[in-house]
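Please open the model in a viewer and keep the sequence panel visible. The tour below proceeds by selection, with a short account of what is found at each stop.

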Amino acid sequence: MALSVQPPAAADPSVVMRLLADPTRRRLFEEIAERKEVTVVDLTRTASVSQSAVSQHLKALKTGRLVSERREGRNSFYRVEPDGLGPLVDWLDLYGAFWRDRVSALKSLLLEIDPK
């Protein structure tokens with residue numbers, strides 16, 4: 001019986017942050033998002049790194065489920081998987097609410113101090 005091993009999902013915001021912390025990888029991710037779907041060849045043309053490095057970055061993004069790959073003949077097409085950003089968005093929402101409450105309280109305090 002053969003076991004199928006799935007790459008770990010980016011269920012933790014720190015995984016997404018680590019993946020996008022690398023400036024080259026983040027730029028590749030942004031380019032894929034802008035272009036909707038793009039081949040490795042097209043990404044390599046605009047990247048400042050080798051095709052091998054582009055492929056390694058794409059593998060990391062794919063493992064983190066930030067991009068998906070579609071094969072067509074000899075070409076691999078990559079597209080962004082928006083759900084991959086979910087853990088990061090959820091984390092930011094949590095702290096966004098925290099800061100909105102804090103800023104609101106600060107505004108109230110400032111108005112009490114100087115009601116102009």
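The stops run from the sheet to the helices across it, then to the core, two buried residues and a final helix.

This is a predicted model, in which local features need pLDDT of at least 70 and side-chain atom pairs count only at pLDDT 80 or more, while totals for chains, interfaces and linings use all residues. Residues are numbered from 1 along each chain as its sequence is written, and side-chain values use heavy atoms, with hydrogens and water left out.

**The sheet**

Select strands S1 (38-39), S2 (67-72) and S3 (75-80). Strands (E, at least two residues) and helices (H or I, at least four) are DSSP runs, numbered from the N terminus. The 3 strands form an open sheet in the order S1-S3-S2, with antiparallel pairing; two strands pair if DSSP finds at least two bridges between them. S1 and S2 are the edge strands, each pairing on one side only.

Next, display the partners. S1 is joined to S3 by 2 bridges, and Thr-39 has Phe-77 as its bridge partner in S3. S2 is joined to S3 by 6 bridges, and Glu-72 has Asn-75 as its bridge partner in S3. In the hairpin of S2 and S3, 2 residues lie between the strands, and Gly-73 takes a positive phi near 65°.

**Helices across the sheet**

Add helix H2 (residues 23-35). H2 lies across S1, S2 and S3 and runs at about 90° to S3. Then add helix H4 (51-63), which lies across S2 and S3 and runs at about 115° to S2. For these angles, axes are lines fitted to C-alpha atoms, for helices over the stretch in contact, and angles run from 0 to 180 degrees between N-to-C directions.

**The nonpolar core**

Select Phe-29, Ile-32, Leu-43, Leu-58 and Leu-66: of the 18 residues in the largest nonpolar core, these touch the most other members. H1, H2, helix H3 (40-46), H4 and S3 each supply at least two residues of this core, and H4 gives the most, with 4 residues. Such a core is a set of buried Ala, Val, Leu, Ile, Met, Phe, Trp, Tyr and Cys residues joined through side-chain atoms within 4.5 Å.

Centre the view on Leu-43. Not counting residues up to four places away in sequence, Leu-43 touches Leu-28, Glu-31, Ile-32, Val-38, Val-54 and Leu-58, where contact means heavy atoms within 4.5 Å.

**Two buried residues**

Move to Val-54, which lies in helix H4. Val-54 counts as buried because its relative accessible area is 0%; buried means under 20% (1.4 Å probe, protein chains only). Beyond four places in sequence, its contacts include Val-40, Thr-44, Ala-47 and Val-49. Val-54 and Thr-39 are 15 residues apart in sequence and 11 Å apart in space, C-alpha to C-alpha.

Now select Glu-31, in H2. Why does Glu-31 count as buried? The reason is its relative accessibility of 7%. Its side chain makes a polar contact (a pair of N or O atoms within 3.5 Å, one able to donate a hydrogen and the other to accept it) with the side chain of Arg-35, at 2.9 Å. Not counting residues up to four places away in sequence, Glu-31 also touches Asp-42, Leu-43 and Thr-46.

**The final helix**

Finish with helix H5 (residues 86-113), which has 28 residues. The buried residues of H5 are Pro-87, Leu-88 and Gly-96, and they pack against helix H1 (13-21).

Note on methods
The expected span of a helix is 1.5 Å times one less than its number of residues. Buried means under 20% relative accessible area, exposed over 50%, partly exposed in between (1.4 Å probe, protein chains only).
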